[in-house]
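Take a look at the two chains shown below. The walk starts with the smaller topics and then moves through the contact between chains, the sheet and a few backbone details.

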Amino acid sequence: MIIASTLTTNLSILVLAGFIGFVVISKVPNTLHTPLMSGTNAIHGIVLLGGLLIIGLAGNGTFNKVILVIAITFGTINIVGGFLVTDRMLEMFKSKPDRGKKELDAPDEEGKQ
Amino acid sequence: MTAPPLASSFLQSQSFRDVLYIIAFSLFIQGLRGLAGPTTAVRGNRIAAVGMAIAVIATLLNPQEGNWGLIALGIALGTAVGVPAARQVKMTAMPQMVALFNGVGGGAVFLISWAEFRLTGGFAHTATYITVFSLFAAIVGSVSFWGSNIAFGKLQEIIPGRPISLGAAQQIVNLVLVILAVAAGADIAAGDHSEAIFIGMLLCAALLGNAVVLPIGGADMPVVISMLNAFTGLSAAATGIALNNPALIVAGMIVGASGSILTNLMAVAMNRSIPAIIAGGFGGGGAIEGASGAGEHAGTVRSTTAADAAIQLAYSNRVVIVPGYGMAVAQAQHAVRELTKELEKRGVDVSYAIHPVAGRMPGHMNVLLAEADVPYDQLKEMDEANPEFQRTDVSLVIGANDVTNPAAKNTPSSPIYGMPILEVADSHSVIVIKRSMNPGFAGIENELYYDPKTEMLFGDAKSAVSEITAELAQI
């Protein structure tokens, strides 16, 4: 099943993805670097797939199951939390037509005194 | 491996799932392209999230997939933790949150490698390259997990933010840990199936993660967080190669590239090399040099009051606000926005000059100001802001220190010499809001405070800014 060409293909994908990453990310302005970080953070939560595959196909043994459930939990936190928090941040960067209501559901301390 | 294949419908075929993976990573790339501007960014992030959902569905379509209860448990637990965390975190606490999310990603990577190791009988009958990539993922994932947790602890102030290091021995210890981890990995790749060796390798990597981040002080955090982000990305890409999954490879590598770009940008913005930051030289050496340099200042410091500052600002044409970590600590962003509104009512042109490493992560100040509804076009990056200082009446420095220090330009012996700064000293006058005369994180005196053009307004950033606003209203 494992043949050398799989490695070659995957390495090609890896290298090309690296170049695309550099081109795409270089266009992100400094101002959006925090959302960029948390957004890419969410994307690397894709390791979740690894946990799903392994637990599904071969998850035998209690200890293995425990490790994998933790891995799936971590991956999910990473993905769900990452995308949500990025969305929250980016909403703030959108120019708003002088909104009158407070849309933040977070218990932020308003600086008005 | 044992589960009999279910009826292999079209939806469950390998090709269909591969197509879904390709769609998923295309959506990641398209989503990140959206981050090029604030108007397209929200949609971009959502596009990437859709890509992620597709990738997860594709994985679950695998006909051999099982253990559904455990999968549901993991996803439910993760959602239960992730959603409230993301919803409730304050914008000022964003660096910690990013560190934490990054850490759990790294944690997932090394746990997955560990499970792979156990389920393949220590990588027996596994192609060597798969073993090598799995081991790489395990080491880097573990470093990232522990490093991120330490970074979180420091930012959350559970662990002291100052550098904690073993001094001269630090680099030797780090090197020994790297060698041990790689040696354990090489041993396993060469055919040793001992789990003890694997756990030893994870331990060395864990210690390394601690040893690398503990000596790094608060001001260097933007570099560290970016670097750990790159690490987790690369380890995810390695997992992708080990599992032969294109979506993982592409996503991981793009994150790796993004983290690398940011790390490099941050290091350039501090005029420091990445190895020097990792070696943790700033705190120790800088503090000593800074202390000896402190005596050289014969100049006096002028302090001002909120009322005087208000008058000075009210009669300016152009004011530039320079925010720093002090603004984040004091949660002063809303107060600053109020002050800006008050000034704009009087026809003063106000903008914000933001240094790339101001705060504790890339773009930290921008997020806070966006939270306070500061319009995007008032936020100026350093290169755009610097030529404007000459025609600025008042620069209002709020909780920023080293990024305004003229020593970076004028004093070759200074530890920050060569670092690009915001040239506030070029403006007609400068008001600095600061708690006290304590030097900044790097322990370096700021010549700006002794400049005859500079006036200091001592106090907490939030209350000082609010006082100025109150005084303005009375003029």
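In what order do the elements of chain A run from the N terminus on? They run α-α-α-α. The model is a predicted one. Chain A has 4 helices and 0 strands. Of its 113 residues, 54% are buried. Take the contacts in chain A between residues at least 6 apart in sequence: 71% of these join residues at least 24 apart.

Now turn to the contact between the chains. On one side are 111 residues of chain B, and on the other 86 residues of chain A. Which element gives the most to the side of chain B that touches chain A? Helix α4 of chain B, residues 94-119, does, with 17 residues. Sorted by class, that side of chain B has 66 nonpolar, 33 polar and 12 charged residues.

One helix pair shows how the chains meet. Two packed helices are described by the angle between their axes and the distance between the axes. Helix α4 of chain A spans residues 62-93, and helix α3 of chain B spans residues 68-88. The two pack at an angle of about 35°, and their axes are 7 Å apart. The crossing of α4(A) past α3(B) is right-handed. By class, this contact has 16 nonpolar, 8 polar and 3 charged residues.

Next comes the sheet in chain B. Here 6 strands form an open sheet with parallel pairing, in the order β3-β2-β1-β4-β5-β6. Which strands are at the edges? They are β3 (379-381) and β6 (454-458) of chain B, and each pairs on one side only. On average, neighbouring strands of the sheet are turned by 25° against each other, direction ignored. Helix α18 of chain B, residues 461-474, packs on this sheet. Helix α18 touches β4, β5 and β6 of chain B, and its direction makes about 130° with that of β5(B).

Follow strand β4 of chain B, residues 394-398. Why is β4(B) described as largely enclosed by the rest of the structure? Because 5 of its 5 residues are buried. B:V394, B:L396 and B:I398 point one way from β4(B), while B:S395 and B:V397 point the other way. Both sets are buried.

The partners of β4(B) can be taken in turn. Strand β1 of chain B, residues 318-323, pairs with β4(B) in the parallel sense over 5 bridges. In β4(B), B:I398 stands opposite B:P323. Strand β5 of chain B, residues 429-434, also pairs with β4(B) in the parallel sense, over 5 bridges. There B:L396 stands opposite B:I431 in β5(B). The next step outward joins β5(B) to β6(B), again parallel and over 5 bridges. B:V430 stands opposite B:T454 in β6(B).

B:I398 leads on to the nonpolar core. The largest such core has 193 residues. Which residues have the most contacts inside it? They are A:I46, B:A251 and B:I398. The largest share of this core comes from α4(A), with 16 residues. Leaving aside residues up to four places away in sequence, B:I398 touches a set of residues that includes B:I321, B:V322, B:P323, B:I433, B:A461 and B:V465.

Helix α15 of chain B, residues 364-371, is mostly covered. In this helix 8 of the 8 residues are buried. B:H364, B:N366 and B:E371 are among them, along with B:V367 and B:L368. Just after α15(B), B:D373 takes a positive phi of about 70°.

Two more backbone details are worth a look. Most residues other than glycine have a negative phi. B:H125 has a positive phi, near 55°. B:H125 is found in the loop between α4 and α5 (128-155) of chain B. B:Q331 is not a glycine either, and its phi is positive at about 55°. B:Q331 lies in the loop between α13 (325-329) and α14 (333-345) of chain B.

Is B:H125 buried or exposed? B:H125 is exposed, because 7 other C-beta atoms lie within 10 Å, and exposure is set at 12 or fewer. B:Q331 has 20 other C-beta atoms within 10 Å, so B:Q331 is buried.

Note on methods: Residues numbered from 1 in each chain as written. Chains lettered and ligands numbered in written order. Predicted model: local features only at pLDDT ≥ 70, side-chain atom pairs only at ≥ 80, totals over all residues. Contact = placed C-beta atoms within 7 Å. Nonpolar A, V, L, I, M, F, W, Y, C, P; charged D, E, K, R; others polar. Pairing = 2+ DSSP bridges. Axes fitted to C-alpha atoms, helices over the stretch in contact; angles between N-to-C directions. Left-handed = near helix turned anticlockwise from the far one by under 90°. Core = buried A, V, L, I, M, F, W, Y, C linked by C-beta atoms within 7 Å.
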